[in-house]
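Work through the exercises below with the sequence and structure open. Each task is followed by a stepwise solution.

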Amino acid sequence: MSLESIAKIIKVQLPAYLKRLPLPETIGGFARLTVSEWLRLLPLLGILALLGYLTIRPFLPKKKNQRDSLINLKIQKENPKVVNEIDIEDLNSANVCYCRCWRSKTFPVCDKSHLKHNELTGDNVGPLILKKKIL
């Protein structure tokens, strides 16, 4: 399609099409339109609706997938409940960080995966830090 044909559509055919449309002068006039007149208005109304949707679409809230609402995506999914027990006496270092975001590849120990999770979701989860008192 050349620019000449596009220019002809915009300058000649589109105004002619719009002049032939049965647009009433008042809102009440829409109630008096016949079925055939409504059918002639459908393409224009469809284009206007599409343009309106495309205009407001960036401002609509994003739909969340069901998977996005899950906290635990992959850790011990075969168990009905994930429970980890760690005896405080078994702690080898003074500080140990445990995962609370469920994204750690070294679960239950934190690998700082919560940083990416927080950035993606706007969450503020952090690790559980156990400190061993040194006497």
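Helices (H or I, at least four residues) and strands (E, at least two) are DSSP runs, numbered from the N terminus. The model is predicted: local features need pLDDT of at least 70, side-chain atom pairs count only at pLDDT 80 or more, and totals for chains, interfaces and linings use all residues. Residues are numbered from 1 along each chain as its sequence is written, and side-chain values use heavy atoms, without hydrogens and water.

**Exercise 1.** Place leucine 128 and list its contacts (heavy atoms within 4.5 Å).

Step 1. Leucine 128 belongs to strand β2, residues 128-131.
Step 2. Its relative accessibility is 40%, so leucine 128 counts as partly exposed (buried is under 20% relative accessible area, exposed over 50%, partly exposed in between; 1.4 Å probe, protein chains only).
Step 3. Set aside neighbours within four places in sequence: leucine 128 then contacts Val96, Cys97, Tyr98 and Arg100.
Step 4. Arginine 100 is 28 residues from leucine 128 in sequence, yet their C-alpha atoms are 6.6 Å apart.

**Exercise 2.** Compare the span of helix α2 with the expected span (1.5 Å times one less than its number of residues).

Step 1. Helix α2 covers residues 35-56, which is 22 residues.
Step 2. The expected span is 32 Å, and the end C-alpha atoms are 30 Å apart, so the two agree.
Step 3. Now find the bend (the angle between axes fitted to the seven residues ending at a residue and the seven starting there). α2 bends by about 40 degrees at leucine 42, with proline 43 following within four residues.
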